[in-house]
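Visitor: I would like a close look at a single part, the interface between the two chains. Please go on from there to the openings in the protein.

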Amino acid sequence: MNRRFDIKHYQGFLAITCLCLFILYAPLIIVMIYSFNDSASITNWGGFSLRWYADVFTGPESEKFKLAAWNSLSIAVMAATVATTVATAGAIGMIRGGQFRGKSASFALISLPIMVPEIVTAVATLIFFSTIGFKLGTLSILVAHIVFCIPFAYLPISARLQGIEASYEEAAQDLYADRWRTFRYVLMPIMWPGILSGFLLAFIISLDDFIITNFIKGAGIETLPTAIFGSVKQGIKPNIMALSTLLLLFSIALVTLSYFIGKRGQEPHPTD
Amino acid sequence: MAAGTGSGRTVSATFSPVRGWLLLPSWLVIGIFLLVPVLLMLVYSFLTKEFRGGVIWEFSLAAYDQFVFDRGLFGDDPPQIEWAYITIFVRSILQALGATVLCLLIGFPTAYFIATRPANTRAIWLFLVTIPYWVNLLIRTVSMKFLIRDNGPLNEALLAIGVIDAPLQLINTNFAVQLGLFYSYLPFMVLPIYASVERYNFALSEAASDLYAPKWTILRSILLPVVKPGIIAGCILVFVPSLGAFLAPDLLGGAKTFMIGSLIEEQFKGNAGNWPFGAAASMILLSMVLVVLLFYARAQSREQT
């Protein structure tokens, strides 16, 4: 189609889109490039090298990083598992529970962790744990992560469930399947891409959290983001750039995975 | 989703007898570990401060009073207006508004462009915009700091091509914080606008075009009113987290660029903190956010009726 007469086309929008992507990616790509810098100075380029990656795994700070990585990963796995389970049950209750009093209140409650500013959640959680005398540490971090992961798991799961016709479950129940079997053998196989995608998003959100973790981690325990933040406060060092690059690529890999799983779930199933 | 079900679809109720049990875990977890803590924070904001962090359980309005009045070191001087905290709140609102406007200027054309791509490439463009959202915000902010610091790559590049003679001092300025907020929340603006432009029926634009409406008039008078809910949603998604941001002002700014988030954090770190004051600052921030969200909810329900 001739672009001048294409009513969808606006001059300059492509340029702005490229600018937008440039702004989003330039800082990340530059840090990635400098993480391969052989020089100990972060300003001058001293040739390509993997020494800072070696430093992350074997250098003087490697023990700290490994412990922080272990904390981050174990908390993220547990928080995402619990949050996804809670969110799956919640999504079925909301989407397949018919019309009921308190439905919008329930939805508001589930969305609450997204709506409350992170710093406010952090303060409130710290005050809560300190009032009940709960010792700050891995468990307090885990509890807080479960809370804010729930809405992130809930969104893809409920979106998936909304796209599934209730006739499948009705057919199963007509054939005398109880509710558990209906869920296990009918609903679950259709909605699993949503559940998995919700799990992965919750996992990333937990892995990335800094503000809330920083408030309630207590002394002596670090996750990757709090360890990176502590380091950066004393200046950006090349090993931190290497560590950041690794974490960044890990997140991108997970999002890509979640994206393809979600896409697979969208493929039309036979009755559509 | 089957075509033609539309808004008239019946509500599925296959699990309605057990919905209470299904929703109970969500209610309990979020109720106990978020709703109760927020209410407790409200209580704390009316308590007396303990000097080494924590509180004394005694009712006091001191935390809120401290925002507006300076009563001297011992609290018995005649009250004077205290501008420091008011300035921080005004600065936060201005920074958040600025970030919202910048995000809208770049985000709207981007969202529109992506939504009008053919179906096969649209997903790729969208995916490219989504990825940075999932990358650790801390790492993104650190990257921005690395890029714009005094002898960083941006200044080097500008010096090399001769645009400037001396490095620009960007870090520790309000501009750096503004840039950081804009950069942090840009994807939040693109996604909701994209969603509403994608649903827009271009037959409306074609009809306007057949009646000789100029292209930019079509954009302004036909498309914009239809996609307005998406634009408002995007603005809220940028404004709300910008208002309470901590990382951008902390890493890219300095003492002169303090925002609400940094003020709150300071009250809970170490022994110098003031818990009731921090709780009060959080309550004020939360109230501001709730006002914005209520305004949004009302605008939405008016849109639907």
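Guide: The interface comes first, followed by a pocket and a cavity. This is a predicted model, in which local features need pLDDT of at least 70 and side-chain atom pairs count only at pLDDT 80 or more, while totals for chains, interfaces and linings use all residues. Residues are numbered from 1 along each chain as its sequence is written, chains are lettered from A and ligands numbered from 1 in the order in which they are written, and side-chain values use heavy atoms, with hydrogens and water left out.

In chain A, 98 residues are in contact with 92 residues of chain B (contact means heavy atoms within 4.5 Å). The size of an interface is often given as the accessible area lost when the parts come together. Here the two chains bury about 8,800 Å² between them, 78% of it on carbon and sulfur atoms (buried area is the accessible area, with a 1.4 Å probe, that two parts lose on being put together, summed over both).

Between chain A and chain B the count is 1 salt bridge (a side-chain nitrogen of Lys or Arg within 4 Å of a carboxyl oxygen of Asp or Glu). K233(A) and D250(B) form a salt bridge through their side chains, at 2.7 Å from N to O. The rule also finds 16 residue pairs in polar contact across the interface, both at pLDDT 80 or more (a pair of N or O atoms within 3.5 Å; within protein, one must be able to donate a hydrogen and the other to accept it, and residues adjacent in sequence count only if both atoms are side-chain atoms). On the side of chain A that touches chain B, helix α1 (residues 13–34) of chain A gives the most, with 15 residues (helices are DSSP runs of H or I, at least four residues, and strands runs of E, at least two, numbered from the N terminus).

Next, the openings. The second largest pocket has a volume of about 530 Å³ (on a 1 Å grid over the protein atoms alone, a pocket is an open set with protein on both sides within 12 Å along at least five of seven lines, whereas a cavity is a set of points where a 1.4 Å probe fits but cannot get out; lining residues have an atom within 4 Å of a point; grid points are joined across faces, edges and corners, and a volume is the space filled by probe spheres set on the points). Its lining has 20 residues, with K49(B), Q66(B), G72(B), L73(B) and G75(B) nearest the centre. α2(B) supplies the largest share of that lining, 4 residues.

The structure holds 3 cavities of 30 Å³ or more. The largest cavity, about 40 Å³ in volume, is lined by P229(B), I232(B), Y296(B), A299(B), Q300(B) and E303(B).
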